[in-house]
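Okay, thanks for making time, everyone. I'll put the model up and then talk through it piece by piece.

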Amino acid sequence: MSSENKSDTVLSAIMTRRSIRKFTGAAVPRGALEQIVAAGVEAPSGCNMQSRQYIIVDDAAVLDQIRPCSTALASAPAAIVLLTDAKSTPYGEFWVQDAAAAMENMLLAAHALGYGAVWIEGALRRSEDLLRTALAVPPELRIWSMLPVGTPAETPPRPPKPAAGEVTHYNRFGGR
């Protein structure tokens, strides 16, 4: 594939990905879930700390235990839970950025593979004890975010966003 085709493919994936919260319920093959996690592993990591861990949840009984955490799990046949070790580097804390980069890679990978997904984060704070128990998460790791994954039951339209030119400045704020 030429570099032009690669860039078109990547940019198309970025521009067409949507947050999917309703799924058909069709199973997602474990190999596809593993590919999505592999994309998360490839995300940048501050000082190459590699502080992320992933739990693929594709067992219906375990999914049923964690469904109360988010309505986006209601029809999801699988989820990927992103855990992080919130440790500092000699240059500061990067674990939040590292986790966010991994999640974005996984969102794009799911889309590229033809699946829908949505990034769940803040809502998990209310359910951290439930998740920690259901998934046997060790105490030294933080449950950072979750990615319900499945075949989209619907694809929402693009939400309103500013044009890039409206939020882009050159050399200083307000510079054109």
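Let's start at V62, which sits in helix α3. This is a predicted model, by the way, so keep that in mind throughout. V62 has a relative accessible area of 23%, so it lands in the partly exposed class, given that buried means under 20%. Leaving out neighbours within four places in sequence, V62 is in contact with V57 and L135. There's also a long-range pairing to look at: V62 and L131 are 69 residues apart along the chain, and their C-alpha atoms are separated by 10.0 Å.

Now for the inside. Which residues touch the most other members of the largest nonpolar core? That core has 25 residues, and the ones to click on are I36, Y54, I80, L82, M106, L147 and V149. The elements that give two or more residues to it are α2 (30-41), β2 (78-84), α4 and β4. The largest share, nine residues, comes from α4. As a general point, nonpolar side chains tend to be buried together in soluble globular proteins.

Let me pick two of those residues. I36 is in helix α2, and with 0% relative accessibility I36 counts as buried. Setting aside residues up to four places away in sequence, I36 touches I80, M106, A109, A110, L113, L147 and V149. Then there's I80. With neighbours within four places left aside, the contacts of I80 include L33, I36 and V37, then Y54, I55 and I56, and also M106, L147 and V149. So I36 and I80 turn up in each other's contacts, and M106, L147 and V149 are on both lists.

There's a second, separate core too, with 21 residues, among them I66, A76, I120 and L124.

Back to α4, since that helix gives the largest share of the first core. It runs over residues 95-112, 18 residues in total, and spans 26 Å from first C-alpha to last, close to the 26 Å expected at 1.5 Å a residue. Its buried residues are W95, D98, A99, A101, A102, M103, M106, L107, L108, A109 and A110. If you look down the helix, remember that an α-helix has 3.6 residues a turn, so residues three or four places apart point the same way. Just after α4 you reach G114, with a positive phi of about 90 degrees. G114 and I36 are 78 residues apart in sequence, with 11 Å between their C-alpha atoms.

While we're on positive phi, two residues that aren't glycine have it as well. A136 has a phi of about 55 degrees, and you'll find A136 in the loop between α5 (128-134) and β4 (142-150). N171 has a phi near 70 degrees, and N171 is in the segment after β4. Buried or exposed, these two? A136 is exposed at 64% relative accessible area, and N171 is exposed at 83% relative accessibility.

Next, charges. How many salt bridges are there? The count comes to four. One of them joins R30 and D58, with the closest N and O atoms 2.8 Å apart. That pair links distant parts of the chain: R30 is in helix α2, D58 is in the loop between β1 (52-57) and α3 (60-66), and they are 28 residues apart. D58 has a relative accessible area of 27%, so it's partly exposed.

Then have a look at E128. Its side chain meets R125 in a salt bridge at 3.9 Å, N to O, and R125 is partly exposed with a relative accessible area of 30%. E128 also forms a salt bridge with R132, where the closest N and O atoms are 3.2 Å apart. E128 and R132 are four residues apart in helix α5, so about one helical turn separates them. With shared partners, these salt bridges join R125, E128 and R132 into one network.

Last stop is the surface. V10, L11, I14 and M15 form a nonpolar patch there, with about 390 Å² of accessible area together. I14 lies in helix α1, residues 3-16, and I14 counts as partly exposed at 42% relative accessibility.

That's my tour; happy to rotate the model if anyone wants another look.

Technical notes. Residues numbered from 1 in each chain as written. Predicted model: local features only at pLDDT ≥ 70, side-chain atom pairs only at ≥ 80, totals over all residues. Heavy atoms only, no water. Buried < 20%, exposed > 50% of the residue type's maximum accessible area, 1.4 Å probe, protein only. Expected span 1.5 Å × (residues − 1). Core = buried A, V, L, I, M, F, W, Y, C linked by side-chain atoms within 4.5 Å. Contact = heavy atoms within 4.5 Å. Patch = residues over 30% accessible without salt bridge, like charges linked within 9 Å, V, L, I, M, F, W, Y side chains within 5 Å. Areas by Shrake-Rupley, 256 points an atom, 1.4 Å probe, with all protein chains shown as cover.
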